[in-house]
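The following exercises ask the reader to reason from a structure towards its packing, its charged pairs and its surface. Each task is followed by a solution in steps.

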Amino acid sequence: MAGFLDRAKEQAQQALAQGKEKVEEVQAQRAGGDLLKKLGAAYYAEKRGSGTPDATQEALTALEAHIATHGDGFLRG
């Protein structure tokens, strides 16, 4: 009986770890999408005359840092 409980506990821990990993992946994709949106808004504002090149560069730098950390998977879909 103890062996069964140990296996069940191990499987539950694995499922929990997989769920946590998936949540983190979704959060990273959302954050990447938000950064991409901010870059687009900064670029648009710059071209319209109400933004600055510095703001666009800051948004680009933040997006590049996110990609370096989490990859560019959010760009595909």
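**Exercise 1. The nonpolar core**

Task: Determine which residues make up the largest nonpolar core of this predicted model, and which elements supply them.

Solution.
Step 1. The largest nonpolar core has six residues in all: Leu35, Leu39, Ala42, Ala59, Leu63 and Phe74.
Step 2. Two elements, H1 and helix H2 (53-70), each give two or more residues to this core.
Step 3. H1 provides the largest share, three residues.
Step 4. A general tendency is relevant here: in soluble globular proteins, nonpolar side chains tend to be buried together.

**Exercise 2. Helix H1 and its buried residues**

Task: Describe the span of H1, name its buried residues, and state what they pack against.

Solution.
Step 1. H1 comprises residues 2-48.
Step 2. With 47 residues, H1 reaches 69 Å from its first C-alpha to its last, which is close to the 69 Å expected at 1.5 Å a residue.
Step 3. Ala28, Gly32, Leu35, Leu39, Ala42 and Ala45 are the buried residues of H1.
Step 4. These buried residues pack against H2.
Step 5. Just after H1 comes Gly49, which has a positive phi of about 95°.

**Exercise 3. Contacts between the helices**

Task: Decide whether Thr56 and His66 are buried or exposed, and list their contacts beyond four places in sequence.

Solution.
Step 1. Thr56 is placed in helix H2, and His66 lies in helix H2 as well.
Step 2. A residue is buried when its relative accessible area is under 20%. Thr56, at 11%, therefore counts as buried. His66, at 9%, is therefore buried too.
Step 3. Leaving out residues up to four places away in sequence, Thr56 touches Leu39, Ala42, Tyr43 and Glu46.
Step 4. The contact with Ala42 can be read from the other side: outside its neighbours within four places, Ala42 is in contact with Ala55, Thr56 and Ala59.
Step 5. By the rule of Step 3, His66 touches Ala28, Ala31, Gly32, Leu35, Gly71 and Phe74.

**Exercise 4. The salt bridges**

Task: How many salt bridges does a search of the whole structure find? Identify the residues that form them, and state how accessible these residues are.

Solution.
Step 1. The search finds two salt bridges. As a general principle, side chains of opposite charge can pair when their charged atoms come close.
Step 2. One salt bridge joins the side chains of Glu25 and Lys22, at 3.7 Å from N to O. Glu25 and Lys22 are three residues apart in helix H1, so about one helical turn separates them.
Step 3. Glu25 has a relative accessible area of 38% and is partly exposed. Lys22 is likewise partly exposed, at 48%.
Step 4. Another salt bridge joins the side chains of Asp72 and Arg76, at 2.9 Å from N to O.
Step 5. Asp72 is partly exposed, with a relative accessible area of 31%, whereas Arg76 counts as exposed at 65%.

**Exercise 5. A nonpolar patch on the surface**

Task: Name the residues of the nonpolar surface patch and give their accessible area together. Then classify Leu5 by its accessibility.

Solution.
Step 1. The patch is formed by Met1, Phe4 and Leu5, which together have about 390 Å² of accessible area.
Step 2. Leu5 belongs to helix H1.
Step 3. The partly exposed class lies between 20% and 50% relative accessible area. Leu5, with 47%, is therefore partly exposed.

Key: Residues are numbered from 1 along each chain as its sequence is written. This is a predicted model: local features need pLDDT of at least 70, side-chain atom pairs count only at pLDDT 80 or more; totals for chains, interfaces and linings use all residues. Side-chain values use heavy atoms; hydrogens and water are left out. Patches are made of residues with over 30% relative accessible area and no salt bridge: like charges are joined within 9 Å, nonpolar side chains (Val, Leu, Ile, Met, Phe, Trp, Tyr) within 5 Å. Accessible areas come from the Shrake-Rupley method with a 1.4 Å probe; for residues, only the protein chains shown count as cover. A salt bridge is a side-chain nitrogen of Lys or Arg within 4 Å of a carboxyl oxygen of Asp or Glu. Helices (H or I, at least four residues) and strands (E, at least two) are DSSP runs, numbered from the N terminus. Buried means under 20% relative accessible area, exposed over 50%, partly exposed in between (1.4 Å probe, protein chains only). A nonpolar core is a set of buried Ala, Val, Leu, Ile, Met, Phe, Trp, Tyr and Cys residues joined through side-chain atoms within 4.5 Å. Contact means heavy atoms within 4.5 Å. The expected span of a helix is 1.5 Å times one less than its number of residues.
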